[in-house]
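Student: I am new to this structure and would like to learn how to read it. Could you walk me through it, feature by feature?

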Amino acid sequence: MATTSTTSFRSVTLDAPLPLDSGRELAGVQVAYETAGELAADKSNAILIFHALTGDQFVVGQHPVTGKPGWWERMVGPGKPIDTDRYHVICANVIGSCMGSTGPASLGPDGKPYGMEFPVITIRDMVRAQMMLLDALGIETLHAVVGGSMGGMQALSCAANFPGRTGRVLAIATTARHSAQNIAFHEMGRQAIMADPNWRGGDYYDGNSPDKGLAVARMAAHITYLSEQGLTEKFGRQLQDREAKSFGFDADFQVESYLRYQGLSFTDRFDANSYLYITRAMDYFDLAEEAGGLLADAFAGAKDTRFCLVSFDTDWLYTTADMREVVHALNAVAAPVSFVELSAPYGHDSFLLDVPALDQVVTGFIG
Amino acid sequence: MSLRPDLAKIASLVPQGARVLDVGCGDGALMAELQAQKLCDARGMEIDAEEVAKAVARGLSVVQGDANRDLADYPDGAFDVAILSQTLQTAARPDWLLDQLLRVGREAFVSFPNFAYWRMRLSLLANGKMPVTRHLPVSWYETDNIHHLTVADFRDFVDARGVQVKGCWFFAAGREIGGSNANWRAEHAVFRLSR
């Protein structure tokens, strides 16, 4: 991981140790974050955006590591559905990640990278760290929290665990509980990383990183973010830069070439150990379990919070049925909830892509 | 904003500040009116994603769902008032739907088109074909209305189920009419019901 050491990120160091669900605590936690739009004098216009598994705090503007535009430029900015002319948008890198917040690549108390000494974290731990960031920034209540995928899990967790801190919760393409299938895909990715000889028990920061394993993990996960229809429309069985099959194991098909590129480019910006820790946090996520078994109990304190939940008809990772369980639980506590299943061809990734109906819903809900 | 006459009537009758569930709320026109004029806590259910998106875009709390199934998700007595406008005749099980309305709401408003309206009768008598009119503009094979009913049918239906009629109102040609011979004269009816 040359990336994090050469780039400096805007961050705060939490002044108290971060208590973790595992029972451990983490001292000297750094939380890297970015903002867009002015904070109002009464601090009433802040919106916290939670990023997804491999996302980061660079929602808008050029990414300092990849040089690419922010990951949600189409949703956030002046005059966009989340309008930075009106709202102060904050996005923090989750703990466990590798864009400036404390994670397995950070130096531990012994002056060496944590590696697998880093404690296993949960979605609630990530949210807790971000609430402590808000404390440090002097922001008590948010206009809204917003997130897609793992960001949506954080949004739901925030509503359940810190209900007084936000007036609105917008959770897109997400779930209140990781399913067996979700866990299975993540485990495949983790095993690919751990099978890479460069992984060396997670203690690889002084040498070559397990890029091959991480690339395979990313390739497998990437398939789950797309729909069959989307893959067929984009690639079909088309061949990559050749007239005929090679009768070998080169990337004959465009879809193979695409996945290889996705896997490889991912290793330039992401730490393999971070991938292990964050996928673990997602697998552990079960809001109902946290509340003693009943999802409605998780939201007992959130009955005055306005919720908007959005699923996509082609998303087979976090389905409409998953979202309906959340709707059901929110109805049980009489929380004001909106829910819509939007039609989009792109599968789980639809929340990041061009879906005009989503813009309309977000604009109306954020207000 | 001008509401359809049956919706305007319901809006005028819903108590101030009531918790309301509008089943089949469309783009939320009635909900918006109830929030603005009656300070109601209004929630909606709508099956069509585009209509839900419109309602959410105007700041309303609307859940995309199928009343034939998803009404069961709401707790008993969650609402003061449950509204079902122009939807009963499209329900797979109107009897189940009425039970659900009066389970989640302490009272219910139900509006429906009256198939015994005299123009319908005349059209059926004269042509021998399922009537296609201004208010029921779709042919029999493509209409959503799978359970056509009349005012007299509805009265029998609620009587048989021990449901109390607290009031009823009738409409023809876009305005309210009196209740006499309603089964002949009314194009639409609004009933206020409770257990």
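Student: Let me start with a helix. Which residues of α5(A) are buried?

Tutor: Before we look, keep in mind that this is a predicted model. A residue counts as buried if 20 or more other C-beta atoms lie within 10 Å of its own. In α5(A), the buried residues are K212(A), G213(A), L214(A), A215(A), V216(A), A217(A), R218(A), M219(A), A221(A) and Y225(A).

Student: What covers the buried residues of α5(A)?

Tutor: The cover includes three helices of chain A: α4 (180–195), α7 (254–267) and α8 (272–284).

Student: How far does α5 of chain A reach from its first C-alpha to its last?

Tutor: Here you compare the span with an expected value. Helix α5 of chain A runs over residues 211–225, which is 15 residues, and reaches 21 Å. That is close to the 21 Å expected at 1.5 Å a residue.

Student: Now the loop before that helix. Where is R200(A) found, and is R200(A) buried or partly exposed?

Tutor: R200(A) sits in the loop between α4 and α5 of chain A. Counting neighbours settles the second part: R200(A) has 16 other C-beta atoms within 10 Å, so R200(A) is partly exposed. You can also use R200(A) to get a feel for distances: its C-alpha atom is separated by 42 Å from that of G138(A), 62 residues apart along the chain.

Student: Let me step back to the whole of chain A. How many helices and strands does chain A have?

Tutor: Chain A has 12 helices and 12 strands. For overall form, look at the radius of gyration, which is 20 Å for chain A, close to the 21 Å that the globule rule gives for 367 residues, so chain A is as compact as a globular protein of that length. The C-alpha atoms of chain A fill a box of roughly 65 × 50 × 40 Å along the principal axes. Buried residues make up 50% of the 367 residues.

Student: How is chain A divided into domains?

Tutor: Domain 1 covers 3–178 + 286–366, and domain 2 covers 183–277. Notice that domain 1 is written as two segments. The contact between them takes 24 residues from domain 1 of chain A and 19 residues from domain 2 of chain A. On the domain 1 side, the touching residues divide into 12 nonpolar, 11 polar and 1 charged. The C-alpha centres of the two domains lie 25 Å apart.

Student: What about the two chains? How many residues of chain B are in contact with chain A?

Tutor: To read an interface, count the residues on each side: 16 residues of chain B are in contact with 22 residues of chain A. On the chain B side, α3 (49–57) and β3 (61–64) each supply at least two residues. The most comes from α3(B), with 5 residues. By type, the chain B side divides into 10 nonpolar, 3 polar and 3 charged.

Student: How many helices and strands does chain B itself have?

Tutor: Chain B comes to 8 helices and 8 strands. Its radius of gyration is 16 Å, close to the 16 Å that the globule rule gives for 195 residues, so chain B is as compact as a globular protein of that length. Buried residues make up 43% of the 195 residues in chain B.

Student: Why is strand β4 of chain B described as largely enclosed?

Tutor: In β4(B), residues 79–85, 6 of the 7 residues are buried, so the strand is largely enclosed by the rest of the structure. Next, look at its partners. Strand β1 (residues 19–23) of chain B pairs with β4(B) in the parallel sense over 4 bridges, and L21(B) has A82(B) as its bridge partner. Strand β5 (residues 105–113) of chain B also pairs with β4(B) in the parallel sense, over 6 bridges. There, the bridge partner of V81(B) is E107(B).

Student: Which phi value does Q86(B) have?

Tutor: Phi of Q86(B) is near 55°, a positive value in a residue other than glycine. Q86(B) is in the loop between β4 and α5 (94–104) of chain B. With 19 other C-beta atoms within 10 Å, Q86(B) is partly exposed.

Student: And in chain A, is S149(A) buried or exposed?

Tutor: S149(A) is buried, with 27 other C-beta atoms within 10 Å. S149(A) lies in the loop between β9 (144–148) and α3 (150–161) of chain A, and its phi is near 60°, again a positive value in a residue other than glycine.

Conventions:
Residues numbered from 1 in each chain as written. Chains lettered and ligands numbered in written order. Predicted model: local features only at pLDDT ≥ 70, side-chain atom pairs only at ≥ 80, totals over all residues. Expected span 1.5 Å × (residues − 1). Buried ≥ 20, exposed ≤ 12 C-beta atoms within 10 Å, placed from the backbone. Contact = placed C-beta atoms within 7 Å. Domains from an automatic or database assignment. Nonpolar A, V, L, I, M, F, W, Y, C, P; charged D, E, K, R; others polar. Rg over C-alpha atoms; globule rule 2.2 N^0.38 Å. Pairing = 2+ DSSP bridges.
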